[in-house]
Amino acid sequence: MNRLRLAIVALALLAAAPAFAQTSIAGDWDLTINSPQGASTTKVTFKQDGEKVDGLFKSPMGELPFTGTLTGDELKFSFQVNFQGTPLDIAMTGKVAGNEIAGKANFGGMADGDWTAKRSETTATAAAASAPAATPVASTAAPASSSATGVLAGKWDVTLVTPGGEFPATASFTEDAGKISGTFGSQMGEVPVAGTLDGKKFKLTMTAQTPQGAMEVVLTGDVDGDAIKGQAEVAGMGQMEWTAKRTKQ
């Protein structure tokens, strides 16, 4: 009788296992981390294969990968950032409740914080559309840039060389008496930029939202016809190279 009861309990647990496994966080989320430097919100994409979880933090400055697990509704994942030239391991734990997650963050054993996340319907729709969804965004901005004239004015296909590899982006610039304005962005959104142009040399500034918080970025470069080559100075993280080619209209 005891063996029969144990068998029934085992079968019940096996039957319940798929229900637990059905908890899914796959998709796009807006994640807010409260760190010792303050609160910052960034876009996050989770991928899930059973209990295995991985994904990317996404911002205009690049992507940051992470790996972890989801057991039932208990989520754990970790990633590494460069903090003042030193690698810093960040461990995240949280509990999934429908379209929301809340949990704790440990910053390399030096400090603790908390974090929350909400499923992003907007970014989930954009991700499902994939590349075709990005094309209309670029084309709708094209008429404004094509009407502008100048050394830097127009639309550009940009490549940022980040510590995590090359990151594609787009830029749209307009000129007015040596002053530059426009946008710098990717599929995750656009960031306004402003700066100055002196001959073929220019300097632009923008504020990027990253997993480490808001960071000021200074872009400098030289325009050579339909090509740009320059440097991006990221506050607290040093320099990275970037190039761009003018988009043909």
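1. Strands β1 (residues 27-35) and β2 (residues 38-49) are joined by nine bridges and run antiparallel. Within this pairing, glycine 27 has phenylalanine 46 of β2 as its bridge partner. Please keep in mind that this is a predicted model.

2. β1 has another partner. Six bridges join β1 to strand β8 (residues 111-119), again antiparallel. Here isoleucine 33 stands opposite tryptophan 115 in β8.

3. The overall make-up of the chain comes next. The protein chain has 16 strands and three helices. Of its 249 residues, 34% are buried. Take the contacts between residues at least 6 apart in sequence: 33% of them join residues at least 24 apart. The accessible surface is about 14,000 Å². Carbon and sulfur atoms account for 56% of that surface.

4. Now the nonpolar cores. The largest has 27 residues, and Trp156, Phe184 and Trp242 touch the most other members. At least two residues of this core come from each of β9 (154-162), β10 (165-176), β11 (179-186), β12 (189-198), β13 (201-210), β14 (213-224), β15 (227-234) and β16 (238-246). A second core of 24 residues is separate from it. Ile33, Phe57, Met92 and Phe107 are among the members of that second core.

5. Aromatic pairs deserve their own point. The count comes to nine. One of them joins tryptophan 29 and phenylalanine 46, with 6.2 Å centre to centre and 85° between the planes, an edge-to-face arrangement. The pair links distant parts of the chain: tryptophan 29 sits in strand β1 and phenylalanine 46 in strand β2, 17 residues apart.

6. Are these two residues, tryptophan 29 and phenylalanine 46, buried or exposed? Tryptophan 29 has a relative accessible area of 0%, so it counts as buried. Phenylalanine 46 has a relative accessible area of 2%, so it is buried too. The cut-off for buried is under 20%.

7. Another pair is phenylalanine 57 with phenylalanine 66. Their ring centres are 5.4 Å apart and their planes meet at 65°, so this pair is edge-to-face. The angle cut-off for that class is over 60 degrees. Phenylalanine 57 and phenylalanine 66 are both buried.

8. Which residues do ring pairs link into a cluster? They are Trp29, Phe46, Phe57, Phe66, Phe77, Phe79 and Trp115. Some of these names have come up before. Phe46 is the bridge partner of glycine 27, Trp115 stands opposite isoleucine 33, and Phe57 belongs to the second core.

Terms used
Residues are numbered from 1 along each chain as its sequence is written. This is a predicted model: local features need pLDDT of at least 70, side-chain atom pairs count only at pLDDT 80 or more; totals for chains, interfaces and linings use all residues. Side-chain values use heavy atoms; hydrogens and water are left out. A nonpolar core is a set of buried Ala, Val, Leu, Ile, Met, Phe, Trp, Tyr and Cys residues joined through side-chain atoms within 4.5 Å. Buried means under 20% relative accessible area, exposed over 50%, partly exposed in between (1.4 Å probe, protein chains only). Helices (H or I, at least four residues) and strands (E, at least two) are DSSP runs, numbered from the N terminus. Two strands pair if DSSP finds at least two bridges between them. Rings of Phe, Tyr and Trp (its six-membered ring) pair if their centres lie within 6.5 Å; planes under 30 degrees apart count as stacked, over 60 as edge-to-face and the rest as tilted. Contact means heavy atoms within 4.5 Å. Accessible areas come from the Shrake-Rupley method with a 1.4 Å probe; for residues, only the protein chains shown count as cover.
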